[in-house]
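Trainee: I'm new to this one. Can you walk me through it?
Mentor: Sure. Have a look first, then ask away.

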Amino acid sequence: MDLDPIYLIAKKEIIDNIRNLWIIIITIIFAVLTIAMSALGSIFSDEWQSLDMTVALMMSIVQLLVPIIALMLGYAAIVREIENGSMNTLISLPVRREEIILGKFLGLGGVLSFTILVGFGLAGVVIGIMVPDVNYLEYMIFIGSTILVGLVYLTVALFFSTLFKKRSTALGGAIFLWFFFNMILPIILIGIAFAGAGMSDIISGNVPDWYHAVQLTNPMTVYSTLVTLNINIGGAMSAATATPQVQYPDFYTSGLMISILFAWIVGFLGLSYWRFNKKDI
Amino acid sequence: MVSKTVKCPKCGEQSTIEGVVGKKTIITCPSCGTKGQFTFSTAQPMARTTDGSETIQVRNLTKQYNDVKAVNNVSFNIRKGEIFGFLGPNGAGKTTTIKSILGLIHTDTGQIKINGVDIKKDNKRAHKYIGYLPEKVSFYNNLTALQNMYFYAEMKNVPKSECKPLIVEMGLEDAVNKKVGKFSKGMQQRLGMAQALLGNPAILILDEPSGGLDPRGVALIRNKIREMKEKGSSVFVSSHILAEVQAVCDRVGIISKGTLVAEDTVEKLRGKLNLKPKLVIELEKITDDVVNLIKSIEGVEKIEVVGVMMHIVCSSTSKSKVIVEIEKSGINILNIQTMEPTLEEVFMKFTEG
């Protein structure tokens, strides 16, 4: 594989997103939301929320926002160029199809990673000034985990972009995916839990291991578990809400969570290549 | 078009015949005159021998969409330094053939080699030889003409310094820094040609290069095609504009309903079809007697009278007889013009029905 075309395609994607101001807009959204989350805490407690608490509050926003942004970045990456005809010229150049897929992924992945890193990073610096004893390592783990889950959704979107013939269909597919992972899949998993285990067990947190294993099919659950395992979100949340902390089984490790997220990325990147390689342009 | 060496069952004389795959060809032995028929096999038509000078070799190319064979067992070669015109009615399979050559679509059967490199085995290496102008030219609309060219130059590993002169050569000097999204169809076509010419490719593949161009643009593209031939490049031109093809092409291939029905020089195709030249004579006046007189001349096939103009289709040998007979009749000839059969007539003959 030649790195030059991959680099050139990735560079073009990044420059395109700088030109159309996507990078700036998303970065500002991430930074403003994070700072707002921390600052809003002062309404109730006369001081800004700590980074742990801010991360806990940010989790639900990240789970909604990051997939949307990743899907929007990736859903048209391939199908747009096929639809408007520029893919004809691109493929006629000395470049392999896998290099195009990798270039698109690295470019768009770079845009997504940059916006998350800078957006949350800037917010972290501001919160660090306002709040004492900030654990920046934990905050970096949160940022890294968010980038990983963002890349998962990006590769899924990239696959959809190779799957459909029209941009509108790919957009519909991306919207469905967002609903599926955020609404439908959690309901299915809760249904499975209620069917297999007693309600009292689930409410008391005493659920069987298979239920925990099934939960890992949802990348968002894997992401929130990864963050919770490394940042004292549970403690912060339970202290604030006076609810018992979530107990994870022993096999829930950071290594497993990172491996699952990587498997999603590699798997869908492979699927994207397979589909794109079979496609008649 | 495929060729085959056949042996006469009566006298044993060997001869080479040409025909279309799947169609019957009537053969007459040049030695003893015995008549026979031969059907070219759809399985493996004989490939023309190659001496290494072929830049594009297409063998038994077939591509099917659902139940329709868009391209059916097509084989042809394009030689180094030649301009090859690829003609056919709408939906005949021209663009499918071009896309197959470029590896944009996956063929069902067949082999395509670019400068000896199998497109299926090493697509990337094969593309290093090619400059391509697609039928539907499209660029990155958010970039300027120069920015688009820079991207393609980098991808082709060609110096960026080539970009601006090419844009200017294609008559877009006022639009170098204009966003392509604001370009007209003709301007996009010109930029597409500039992109295809980046790096002086050994093979230039142009799919309908005159589309959307004004006459000046058409002439510019025609000159560029000739210039590339002079530099030693092979040019593959697909076009509907037969006059354009006739003006620049060394050889033509005619595709109809997915099958290559003819492949040769325009002159040889005319000969194969036995198309006769047309004599256009302007007379002082035209009478029934003179029309009947000309009709009676051996070799005269058809007469059309338009005002004082007489269009006569006849063999080359009967042209002088026609002129002599008119003079004998006492009617003054004001003007005489001989029109050779055009590519359009060749095209119509091969694609009719």
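**A first walk through the model**

Mentor: Let's start in chain A. A:Asn17 is found in helix α1 (residues 3-19) of chain A. Keep in mind that this is a predicted model.

Trainee: Is A:Asn17 buried or exposed?

Mentor: A:Asn17 counts as buried, at 6% relative accessibility.

Trainee: And what does A:Asn17 touch?

Mentor: Leaving out residues up to four places away in sequence, A:Asn17 touches A:Trp22, A:Ile23, A:Leu73, A:Leu108 and A:Val111.

Trainee: Okay, over to chain B. Where does B:Gln189 lie?

Mentor: In helix α5 of chain B. B:Gln189 has 0% relative accessibility, so it counts as buried.

Trainee: What is B:Gln189 in contact with?

Mentor: Setting aside neighbours within four places in sequence, B:Gln189 contacts B:Leu133, B:Val137 and B:Leu213. Its contacts also include B:Glu208, B:Pro209, B:Ser210 and B:Gly211.

Trainee: New topic. Which residues touch the most other members in the largest nonpolar core?

Mentor: A:Phe142, B:Phe76 and B:Ile205. That core has 154 residues. Helix α7 (residues 136-163) of chain A gives the most to it, with 15 residues.

Trainee: Why would nonpolar side chains end up together?

Mentor: As a general tendency, nonpolar side chains in soluble globular proteins are buried together.

Trainee: Back to B:Phe76. What does B:Phe76 touch?

Mentor: Quite a list. Not counting residues up to four places away in sequence, B:Phe76 touches B:Ile56, B:Gln57, B:Val58 and B:Arg59, among them. The list also includes B:Phe84, B:Phe86, B:Phe236, B:Ile101 and B:Leu260. B:Thr97 and B:Glu263 are on it too.

Trainee: Which residues are in the other core?

Mentor: That core lies apart from the largest one and has 15 residues. Among them are B:Val290, B:Val291, B:Ile303 and B:Val322.

Trainee: Let's do salt bridges. How many over all chains?

Mentor: A search of the whole structure finds 20. One of them joins the side chains of B:Asp214 and B:Arg190, at 3.4 Å from N to O.

Trainee: Where do B:Asp214 and B:Arg190 lie?

Mentor: B:Asp214 is in the loop between β11 (203-207) and α6 (215-230) of chain B, while B:Arg190 is in helix α5 (residues 185-197), so the pair ties together parts 24 residues apart in sequence. B:Asp214 is partly exposed, at 38% relative accessible area. B:Arg190 is buried, at 13%.

Trainee: What about B:Lys229 and B:Asp250?

Mentor: Their side chains meet in a salt bridge too, at 2.8 Å from N to O. That pair links distant parts of the chain, 21 residues apart. B:Lys229 sits in helix α6 of chain B, and B:Asp250 in the loop between α7 (242-248) and β13 (251-256). B:Lys229 is partly exposed at 30% relative accessibility. B:Asp250 is partly exposed at 28%.

Trainee: And how far apart are B:Glu325 and B:Lys328?

Mentor: Three residues, about one turn of the helix. Both lie in helix α10 (residues 319-328) of chain B. They form a salt bridge, with the closest N and O atoms 3.8 Å apart. B:Glu325 counts as partly exposed, at 23% relative accessibility. B:Lys328 is exposed, at 64%.

Trainee: Which residues do shared salt bridges join into one network?

Mentor: A:Arg96, A:Glu99, B:Asp122 and B:Lys124. Within it, the side chains of B:Lys124 and A:Glu99 meet at 3.0 Å, N to O. Across the interface of chain B and chain A there are four salt bridges.

Trainee: How many residues make the contact?

Mentor: 26 from chain B and 29 from chain A. The area buried between them is about 2600 Å², with 56% from carbon and sulfur atoms. B:Leu104, B:Lys124 and B:Met155 supply 28% of the area that chain B buries against chain A, more than any other three residues.

Trainee: How many polar contacts between the chains?

Mentor: The count is 16 residue pairs, both residues at pLDDT 80 or more.

Trainee: Which parts of chain B touch chain A?

Mentor: β5 (54-65), α1 (94-102), α2 (123-127) and α3 (145-156) of chain B each supply at least two residues. α3(B) gives the most to that side, with six residues.

Trainee: What are the residues on that side like?

Mentor: The side of chain B that touches chain A has 11 nonpolar, seven polar and eight charged residues.

Definitions and conventions. Residues are numbered from 1 along each chain as its sequence is written. Chains are lettered from A and ligands numbered from 1 in the order in which they are written. This is a predicted model: local features need pLDDT of at least 70, side-chain atom pairs count only at pLDDT 80 or more; totals for chains, interfaces and linings use all residues. Side-chain values use heavy atoms; hydrogens and water are left out. Contact means heavy atoms within 4.5 Å. Buried area is the accessible area (1.4 Å probe) that two parts lose on being put together, summed over both. A polar contact is a pair of N or O atoms within 3.5 Å; within protein, one must be able to donate a hydrogen and the other to accept it, and residues adjacent in sequence count only if both atoms are side-chain atoms. Helices (H or I, at least four residues) and strands (E, at least two) are DSSP runs, numbered from the N terminus. Ala, Val, Leu, Ile, Met, Phe, Trp, Tyr, Cys and Pro count as nonpolar, Asp, Glu, Lys and Arg as charged, and the others, Gly among them, as polar. A nonpolar core is a set of buried Ala, Val, Leu, Ile, Met, Phe, Trp, Tyr and Cys residues joined through side-chain atoms within 4.5 Å. Buried means under 20% relative accessible area, exposed over 50%, partly exposed in between (1.4 Å probe, protein chains only).
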